[in-house]
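Here is a short report on a protein model, written for the bench. Look through the sequence and structure first, then read on.

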Amino acid sequence: MRTAEIRQRWLDFFEARGHAVVPSAPLISPDPSTLFVIAGMVPFIPYMLGEQTAPWPRATSVQKCVRTLDIEEVGKTTRHGTFFQMNGNFSFGDYFKEGAITHAWELITTPQDQGGYGFPAEKIWVTVYETDDEAAALWKKIAGLPDERIQRRGMKDNYWSTGARGPAGPCSEIYVDRGPEYGAEGGPVVDEDRYIEIWNLVFMQYERGDGGGKEDFPILGELKQKNIDTGMGLERVAFLLQGVDNMYEIDEVFPVIEAAQQLSGRRYGADHEDDVRMRVVADHVRSGLMLMGDGVTPSNEGRGYVLRRLLRRAVRAMRLLGVETPALPTLLPVSKDAMAASYPELERDFDRISRVAYAEEEAFLRTLVSGTSILDLAVNEAKQAGAGTKPLLTGDKAFQLHDTYGFPIDLTLEMAAEQGVSVDEKAFRTLMQAQRDRARADALAKRAGRADTAAYQDLHATLSGSGARPVEFVGYQQSASRSRVVGLLVDGVPAPAATAPADVEIVLDVTPFYAEMGGQLADHGTIVLDGGATVEVDDVQAPVKGLPVHRGRLVEGTVTLDEPGVATIDTARRLAISRAHTATHMVHKAVQEALGDSATQAGSENAPSRVRFDFRSGQAVPAGVLSEVEERVNTRLQENLDVTDQTMPIAEARALGAMALFGEKYGDQVRVVSIGGDWSRELCGGTHVRRSGELGLVTLLGESSIGSGVRRVDALVGDGAYGFHAKEHALVGQLSGLLGARPDELSDRVSSLVSRLKESEKELAALRAAQVLAAAGSLAAGAQDVGGTRVVTHDAGEVAADDLRTLVLDVRSRLGESAPAVVAVGGVAKGRPVVVVATNAAARERGVRAGALVKAASTVLGGGGGGKDDLAQGGGTDAARLPEALAGIRDTVGAGA
């Protein structure tokens, strides 16, 4: 059974049983703390943790996942892989253990000709948590499994939690016995090579407390809503159903190994080292394909670095197999064909994916040619220097290989280890961090305008005084240009050449790149030199007027002064920014029409699909006026007005009524941008669309004050605006469904709910107060004698501070004045601990002061407080120490007796 069919049978099975089929989320993780989705349940975590309400009671998915923590182990065994697919079925307060076990048993044992996977029932073993008698009984009842094939395990193996306080629960894992040829008898507790786990059922039924490790935490109680989260490894099921030994031999992976055999002339299975390399190739090519399919591109940071490492490891493995020519043009299409049945978008996007992959391989092959000989020399030197001891490649040599020749540290570590040499990785990391710190400090200084501009001024003077033409900007008409490098700086210092990888600043004689100015963000793009060097430009600044400096990362090759090449901007980014800039002009005009000519622009930022527009106004703009501005902009937009530009003397521009903006300095000749003829005219050097209709839609998000007499409007343009409205529409639809109301009824329905909620909160507060105060009699009756003083201490839990004071005074009154008495009651008010202490006259005569007791208790709670001798109140921040604070009051009274 092909992997794509196994996948589809899973989805069909659960859809037929009322599960919503949820498409796989992209591999890029929504959690900023992780790079990729690493488990099938990741997209459902907010529903599992109760942070959001699931839109369906039950769901199913086949989720793409990538794990790269053990990337060096890939290929060495057949158990490790970086990309995998996880079949999952989920229940959010719907069915629980019985339903999950029923579904699982039915799917895995139903014959294949009836839509199941057809595993023989007698080959199935399961494990359950050691005290989960319910799950064990259900396996007997539903599947008829005998006791010996239901094995119990502890928390380490069969208990799931997030690692922090929250949902947790026991697991039940399903195994398939592959037979005696794969290992010893005795079930999964004896041999997990023979007994292969295929499915894990997690029963989220408890709330766990804080604690470390997989076993050291308390169980606080049962959850109100019990959930099911299961995961089946698709590749594992595939190799079992396809009758092969491991995931590398299934139909979605092995074709790449076959292609590697044909390219290399070597046979899989003949040599262990070659087998490892072929498995590395098969795994990494597939993982790289899927990552690029989800939009990841090679880079030196984050996700891009992981992708780069995967592709380069695959390329190097092919080199070790004897393939000197580019291999990805053969291997990548094979992997695409193997995966396209499950992910047809790979076919659609393959042109983009392949261009990225092939360019990365070509760049790396050039690095290998130059860098390998340098590394071999360094390794030999390390061996000679370490004769008689373990040879060590120094950190500065590894850093030189990385910084000068583009050899990633991972590759240096791997290649050195193959020759029996270790690397001083700690020293390398120290040097890398020092370089990053220098670069970060330099970047911050330049951004803040504190950089030494002498180098740029000298370069500008040289270009202006040598007879060379000034830097020519052609970006109004062209998105690419033939250019020549006329200036090169590394770390702010002029240099004759630079070798990848390096952060560089380049000045071109001709450029299509717009430098950040006038509120418009800089263009991004690439500079590709004729000698093969590539610079990824991510910023363009003009530290000296008339000298645009392209800042970016030299990712391959060597760039030299006077070298020609092609400069190309990111046209999609430019167009999105141009839409935003035109929208800014239109919003400016509409604001002036609504508020008067005094509402002049005070600043702006024109980013892709987003506008930030600042203007002068002494008061807030009413919501109705803001709506009128938005309507006016979109009305004029739909008229598809011409957007034109013209260069003219500044006096002529002013005579035409063109607006000059917020203290900008202008020369004798200025550029005037007009929209709709004379409707909007501004002096502007930025880029714009040709007609207003190209904006599509402008949505004003709101306005606010950013300083005295200055207001700010935030807006979305084009795709940004459409995406915003799509989300708004979806939200309205969800609310309508939840509240059972039409969209035009939502406002009244929500207002009604809020009113009812407030009334309920008032009623609840009154009930809590009555409950607290009702305890006064029993507390007084339970007073303890502490050294001759009657003492009452009590933790009232959630309580209002005023109710706490009333309770304390009531208890003190009930204790009377016949003997010394102290009442100390604590509670939690609005999330913070509070302590109130009262003493009677007899206690005060013995030197017991309420203020002193509260001060000591508040210190324990991490806060402060005080008051009079007879009544005092304090609090803090650590509610967990409230019992300790109350006990301290009792001990203090006893010590003073």
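Glu 215 is partly exposed, with a relative accessible area of 48%. Here buried means under 20% relative accessible area, exposed means over 50%, and partly exposed lies in between (1.4 Å probe, protein chains only). This is a predicted model, in which local features need pLDDT of at least 70, side-chain atom pairs count only at pLDDT 80 or more, and totals for chains, interfaces and linings use all residues. Residues are numbered from 1 along each chain as its sequence is written, and side-chain values use heavy atoms, with hydrogens and water left out.

**Surface patches**

Glu 215 sits in the loop between strand 8 (195-208) and strand 9 (219-233). Helices (H or I, at least four residues) and strands (E, at least two) are DSSP runs, numbered from the N terminus. Together with Glu 130, Asp 157 and Asp 216, Glu 215 makes up a negative surface patch. Patches are made of residues with over 30% relative accessible area and no salt bridge; like charges are joined within 9 Å, and nonpolar side chains (Val, Leu, Ile, Met, Phe, Trp, Tyr) within 5 Å. Asp and Glu count as negative, Lys and Arg as positive; His and the chain ends are not counted. The place of a charge is taken as NZ of Lys, CZ of Arg, CG of Asp or CD of Glu.

A nonpolar surface patch is formed by Leu 731, Leu 735 and Leu 738. Together they have about 280 Å² of accessible area, by the Shrake-Rupley method with a 1.4 Å probe, where for residues only the protein chains shown count as cover. Leu 735 belongs to helix 20 (residues 719-739). Its relative accessible area is 33%, so Leu 735 is partly exposed.

**Salt bridges**

A salt bridge is a side-chain nitrogen of Lys or Arg within 4 Å of a carboxyl oxygen of Asp or Glu. The count by this rule is 47 salt bridges. Three examples follow.

| Positive partner | Negative partner | N to O distance |
|---|---|---|
| Lys 336 | Glu 347 | 3.0 Å |
| Arg 355 | Asp 351 | 2.3 Å |
| Arg 636 | Glu 639 | 2.5 Å |

The salt bridge of Lys 336 and Glu 347 links distant parts of the chain, 11 residues apart. Lys 336 is in helix 10 (residues 328-339), and Glu 347 is in helix 11 (residues 345-348). Lys 336 is buried at 8% relative accessible area. Glu 347 is partly exposed at 45%.

Arg 355 and Asp 351 share helix 12 (residues 350-385). They are 4 residues apart, about one turn of the helix. An α-helix has 3.6 residues a turn, so residues three or four places apart point the same way. Asp 351 counts as exposed, with 51% relative accessibility.

In the third pair, is Arg 636 buried or exposed? Arg 636 is buried, at 16% relative accessibility. Glu 639 is partly exposed, at 40%. Elsewhere, Glu 605, Arg 610, Arg 612, Asp 614 and Arg 712 are joined into one network by salt bridges that share partners.

**Enclosed elements**

Strand 20 (residues 547-556) has 10 of its 10 residues buried, so it is largely enclosed by the rest of the structure. Which strands pair with strand 20? Strand 16 (residues 502-508) pairs with strand 20 in the antiparallel sense over 5 bridges. Strand 19 (residues 534-544) also runs antiparallel to strand 20, joined by 8 bridges. Two strands pair if DSSP finds at least two bridges between them. Ile 506 has His 550 of strand 20 as its bridge partner. Val 544 stands opposite Leu 547 in strand 20. The hairpin of strand 19 and strand 20 has 2 residues between the strands, and Gly 546 takes a positive phi there, near 85°.

Helix 6 (residues 234-241) has 7 of its 8 residues buried, so the helix is largely enclosed by the rest of the structure. Its buried residues are Leu 234, Glu 235, Val 237, Ala 238, Phe 239, Leu 240 and Leu 241. Gly 243 follows helix 6 and has a positive phi near 70°.

**Two single residues**

Gly 118 lies in the loop between helix 3 (97-109) and strand 4 (124-129). Gly 118 is partly exposed, at 32% relative accessible area. Its C-alpha atom is 5.9 Å from that of Ile 108, 10 residues away along the chain.

Val 834 is in strand 33 (residues 832-839). Val 834 is buried, at 10% relative accessibility. From Val 834 to Ala 54 is 780 residues in sequence and 37 Å in space, C-alpha to C-alpha.
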